[in-house]
Amino acid sequence: MPREKDRDWDDNLYSKIDHYNLVENLEQCLQCGKCTGNCPVAAITPSYNPRVIVNDILAGSSVRLLDSEEIWRCFWCANCYRLCPVDIHYPLLMMQLRYMALENGYGLKYVLPINKFTFRALEKGLTFVPGKRGVEKIMRLRTSIGVEPWPQVSEKAIREYRAIFEQTGAKAWMENIQNMTEKPVRFSYLEGRMANEYTKGNNTPGTDRQSAG
Ligand code: SF4
Ligand code: SF4
């Protein structure tokens, strides 16, 4: 979507996304593009551009951020943070941006499948419990190295785990998104030349590098 057509400006977008002040120095961004130029995701997804996302957040342009498929491509390698000349912690920003997207119903398909592991941990103290054969194999292996056959989780540890989730609001937050209706995400950063190229019946970016930086 061309920027000139964006009308939905939000002057407080930065503080809404970073409401814990985890990335206090975002306004120091030089728009140098080192983050994008060294990002492995941008190398294979040319519409993914951390520099442009930072710019949108600072400008308060929320139109294409939350329903963006691109924000789910980052895998937190932190290469951008390592090379940023002003130490902007982009991965932390991305983490908070995803929370905001989820709270608005976007990207649930990426998170809900793994929610069940956390709920299981709240109940049993373990995120993953293998089937009978898996348990037997683990017990054999553990016995062979002389440790307790099965790693019992104490009731105290489970109580503490639950207390952390309840007191931080994490449990309520997870239950809330569990009941939300999924809204579709899209490659919202395709624009200009890329839009022409990829909207010819193909919305999947390829390996073109011209947009990076
Ligand atoms: S590397 Fe840092 S300063 Fe440069 S565009 Fe990216 S976030 Fe901004
Ligand atoms: S943390 Fe995300 S944005 Fe930064 S370089 Fe890695 S994949 Fe790219």
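Biologist: Which residues surround ligand 1?

Modeller: A residue is near a molecule if one of its heavy atoms lies within 4 Å of it. In this predicted model, ligand 1 is surrounded by Cys-29, Leu-30, Gln-31, Cys-32, Gly-33, Lys-34, Cys-35, Arg-51, Cys-84, Pro-85, Val-86 and Ile-88.

Biologist: How do the residues of the shell around ligand 1 divide into nonpolar, polar and charged?

Modeller: Ala, Val, Leu, Ile, Met, Phe, Trp, Tyr, Cys and Pro count as nonpolar, Asp, Glu, Lys and Arg as charged, and the others, Gly among them, as polar. The shell around ligand 1 holds eight nonpolar, two polar and two charged residues.

Biologist: In which cavity does ligand 1 sit?

Modeller: On a 1 Å grid over the protein atoms alone, a cavity is a set of points where a 1.4 Å probe fits but cannot get out, and a molecule sits in one if more than half of its atoms lie within 2 Å of its grid points. Ligand 1 sits in the largest cavity, while the second largest is the space taken by ligand 2.

Biologist: How many residues surround ligand 2, and which are the closest?

Modeller: There are 14 residues around ligand 2, with Cys-39, Tyr-48, Cys-74, Cys-77 and Cys-80 the closest. This shell comprises 13 nonpolar residues, one polar and no charged.

Biologist: Which helices each supply at least two residues of that shell?

Modeller: Helices (H or I, at least four residues) and strands (E, at least two) are DSSP runs, numbered from the N terminus. For ligand 2, helix H3 (40–44), helix H5 (79–83) and helix H6 (90–103) each supply at least two residues of the shell; the protein as a whole has 11 helices and zero strands.

Biologist: Helix H6 also holds Met-100; does Met-100 count as buried or exposed, and why?

Modeller: Buried means under 20% relative accessible area, exposed over 50%, and partly exposed in between (1.4 Å probe, protein chains only). Met-100 counts as buried because its relative accessibility is 15%, and buried residues make up 37% of the 213 residues in the protein.

Biologist: Which residues does Met-100 touch, leaving aside those up to four places away in sequence?

Modeller: Contact means heavy atoms within 4.5 Å, and with that exclusion Met-100 touches Leu-13, Lys-16, Ile-17 and Leu-66. Met-100 and Ile-17 lie 83 residues apart in sequence, yet 6.7 Å apart in space, C-alpha to C-alpha.

Biologist: What conventions stand behind these names and values?

Modeller: Residues are numbered from 1 along each chain as its sequence is written, while chains are lettered from A and ligands numbered from 1 in the order in which they are written. Local features need pLDDT of at least 70, side-chain atom pairs count only at pLDDT 80 or more, and totals for chains, interfaces and linings use all residues, with side-chain values using heavy atoms and leaving out hydrogens and water.

Note on methods
On a 1 Å grid over the protein atoms alone, a cavity is a set of points where a 1.4 Å probe fits but cannot get out, and a pocket is an open set with protein on both sides within 12 Å along at least five of seven lines; lining residues have an atom within 4 Å of a point.
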